[in-house]
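Here is a walk through one protein model, from the overall layout down to how the pieces pack. Have the sequence and the 3D view open as you read.

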Amino acid sequence: MVGSVEYSVLNLETKMILVLGHTGCGAIMAATKLFMERHIEATCQKDAQESTDQSTEVSKSEQPPQPGSCKSRSTLLGLLDALVPVAEQACVELGGGSTEEIAAHAVKVNVWRTINFLLSYSLIIREKVASGEVELQGAIYDMSSGAVEFLGQSPKQAQLLNSDAHVVPSMQA
């Protein structure tokens, strides 16, 4: 993603980068459900552990497999796992809520996360935004009405423009 945006800014002279989320996003909803399941499971396990005798231990062979422990993980599960922190942040920002409420807010959180990622890991984009040559904005497309809610610049933009990171973490050796 970063390389494609850098190419458009450098070679196509793109003046506006719009990170557009959309309502009813299936990936965000699935990641939110996954977060909620893990959160409930972790809470239940914690409660159960606290209520059991501390001297009793379950051997590793008796423990259920952990989510994501399968060696041949699907790309989709990897995508959902990467979006779980978005759902978690949305839950924290809202102070809880239904899966649907958290997922709706997670769309906005993911727009900010993507903008912040671009600013964090691309010197080219940072320099173009800092100089005013490129605008980097967020928006959410409402799938039902067709309306677009423009969010503006990231609240962290000024801070991120001073960042010195420029290598995407997955590309580090």
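How many helices and strands does the protein have? It has six helices and three strands, where helices (H or I, at least four residues) and strands (E, at least two) are DSSP runs numbered from the N terminus.

## The overall picture

A word on the ground rules: this is a predicted model, so local features need pLDDT of at least 70 and side-chain atom pairs count only at pLDDT 80 or more, while totals for chains, interfaces and linings use all residues. Residues are numbered from 1 along each chain as its sequence is written, and side-chain values use heavy atoms, with hydrogens and water left out.

Going along the sequence, you'll meet the elements in the pattern α-β-α-α-α-α-β-β-α. Of the 173 residues, 31% count as buried, meaning under 20% relative accessible area (over 50% is exposed, partly exposed lies in between; 1.4 Å probe, protein chains only). Take the contacts (heavy atoms within 4.5 Å) between residues at least 6 apart in sequence: 72% of them join residues at least 24 apart.

## The sheet

The three strands make an open sheet in the order S1-S2-S3, with mixed pairing. S1 and S3 are the edge strands, each with a single partner, so one side of each has no neighbour in the sheet. From one strand to the next, the twist averages 30°. Two strands pair here if DSSP finds at least two bridges between them. In general, strands of a sheet pair through backbone hydrogen bonds, either parallel or antiparallel.

S1 (residues 16–22) and S2 run parallel, joined by seven bridges. To find the register, look for Leu18 opposite Gln137, Val19 opposite Gly138 and His22 opposite Tyr141. On the other side of the pairing story, S2 and S3 (residues 148–152) are antiparallel, with four bridges; Ala139 has Phe150 as its bridge partner in S3. The S2–S3 hairpin has six residues between its strands, and Gly146 takes a positive phi near 85° there.

## Covered and uncovered faces

Which residues of S1 lie on its covered face, and which on its uncovered one? Ile17, Val19 and Gly21 make up the covered face, with Met16, Leu18, Leu20 and His22 on the uncovered one. As a rule, side chains in a regular strand alternate between the two faces of the sheet. S2 (residues 135–141) is mostly covered, with five of its seven residues buried.

## H4 and its partners

Start with H3 (residues 75–94), which packs against H4 at about 115°, their axes 8 Å apart. (Axes are lines fitted to C-alpha atoms, for helices over the stretch in contact, and angles run from 0 to 180 degrees between N-to-C directions.) That angle makes H3 roughly perpendicular to H4, given that 65 to 115 degrees counts as roughly perpendicular, under 35 as roughly parallel, over 145 as roughly antiparallel and the rest as oblique. The crossing of H3 and H4 is right-handed: the near helix is turned clockwise from the far one by less than a right angle, whereas anticlockwise would be left-handed. Residues in this contact include Ala82, Leu83 and Val86 of H3 and Ile102, His105 and Val109 of H4. By class, the contact has ten nonpolar, three polar and three charged residues (Ala, Val, Leu, Ile, Met, Phe, Trp, Tyr, Cys and Pro count as nonpolar, Asp, Glu, Lys and Arg as charged, and the others, Gly among them, as polar).

H4 (residues 99–121) also packs with H5, at about 100° and with axes 5 Å apart. This pair, too, is roughly perpendicular. Leu118, Leu119, Ser120 and Tyr121 of H4 meet Leu123, Ile125, Arg126 and Val129 of H5, giving six nonpolar, one polar and one charged residues.

## H1 against H5

How do H1 and H5 pack, and at what angle? H1 (residues 2–11) and H5 (residues 123–131) sit at about 45°, with axes 9 Å apart, and are therefore oblique to each other. H1 passes H5 in a left-handed crossing.

The H1 side of the contact is Val5, Glu6, Val9 and Leu10, and the H5 side is Ile124, Ile125 and Lys128. Sorted by class, that's five nonpolar, no polar and two charged residues.
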